[in-house]
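Biologist: Please take a close look at one part of this model for me, the last stretch of the chain, and set it in the context of the whole. I am new to reading structures, so go slowly and link each step to the next.

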Amino acid sequence: MTSPKPKTSQTMKPATAAKKLGILLSATPAEFQEGVVSRNELNALQAEPPTWLAELRRNGPHPKQVVAAKLGVSISGLLRNGITGPLTTAEIDELKARNPAWLEHERSVQAEVRKETQRLKQR
């Protein structure tokens, strides 16, 4: 009979942890970028975010999936309209205030996609 192996802590690369936290890896502190993140550390960061994490979430720069969500469009919609990099919260707010025609169009496309997805789920 074999003895049970001691439980090892599950770890992930900093890029994976940053994606799970919804932040841009290049904007994180060097010690976060250079190490590995355990599942317990990730849970602690989510439960009680340190100042740097709270600041990044509040002001950005935000990765494209967060930018798309904040604008109510798809990532493809951002790319079709020339937004390829991260944006800060101020830049996102400025875009919302300006409400260019492309943003209105992409929001309507996204709303149609959501409606269709919901319709298909109900089948």
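Modeller: Let me begin with the charges, keeping in mind that this is a predicted model: the protein chain has 19 positive and 12 negative charges, and the mean positions of these two groups are 10 Å apart. The surface that carries such features can be described as well, for the protein chain exposes about 8,400 Å², and carbon and sulfur atoms supply 53% of this area.

As for overall form, the C-alpha trace spans about 65 × 45 × 25 Å along its principal axes, and the radius of gyration of the protein chain is 19 Å, whereas a compact globule of 123 residues would have one near 14 Å. Buried residues make up 28% of the 123 residues. If we take the contacts between residues at least 6 apart in sequence, 58% of them join residues that are at least 24 apart.

The secondary structure comes to 8 helices and 2 strands, and reading along the sequence gives the pattern β-α-α-β-α-α-α-α-α-α. Helix α8, which covers residues 101–122, follows α7, which covers 89–98, and the loop between these two helices holds Asn99. The backbone of Asn99 deserves a pause, since this residue has a positive phi of about 45° although it is not a glycine. Asn99 is also partly exposed, because its relative accessibility is 29%, a value that lies between the 20% limit for buried residues and the 50% limit for exposed ones.

Moving from the loop into helix α8, we come to Gln110, which is placed in that helix. Is Gln110 buried or exposed? Its relative accessible area is 17%, so Gln110 counts as buried, given that the limit for that class is under 20%. To see what lies against Gln110, we leave aside residues up to four places away in sequence, and we then find that Gln110 touches Gly72, Val73 and Ser74.

Those partners lead us back along the chain, where helix α5 covers residues 64–71 and α4 covers 51–59, with Pro61 in the loop between these two helices. In that loop the backbone has a special feature of its own, as the peptide bond that joins Gly60 and Pro61 is cis, with omega at about 10°.

Technical notes:
Residues are numbered from 1 along each chain as its sequence is written. This is a predicted model: local features need pLDDT of at least 70, side-chain atom pairs count only at pLDDT 80 or more; totals for chains, interfaces and linings use all residues. Side-chain values use heavy atoms; hydrogens and water are left out. Helices (H or I, at least four residues) and strands (E, at least two) are DSSP runs, numbered from the N terminus. Buried means under 20% relative accessible area, exposed over 50%, partly exposed in between (1.4 Å probe, protein chains only). The radius of gyration is taken over C-alpha atoms; the globule rule is 2.2 Å times the number of residues to the power 0.38. Contact means heavy atoms within 4.5 Å. Accessible areas come from the Shrake-Rupley method with a 1.4 Å probe; for residues, only the protein chains shown count as cover. Lys and Arg count as positive and Asp and Glu as negative; His and the chain ends are not counted. The place of a charge is taken as NZ of Lys, CZ of Arg, CG of Asp or CD of Glu.
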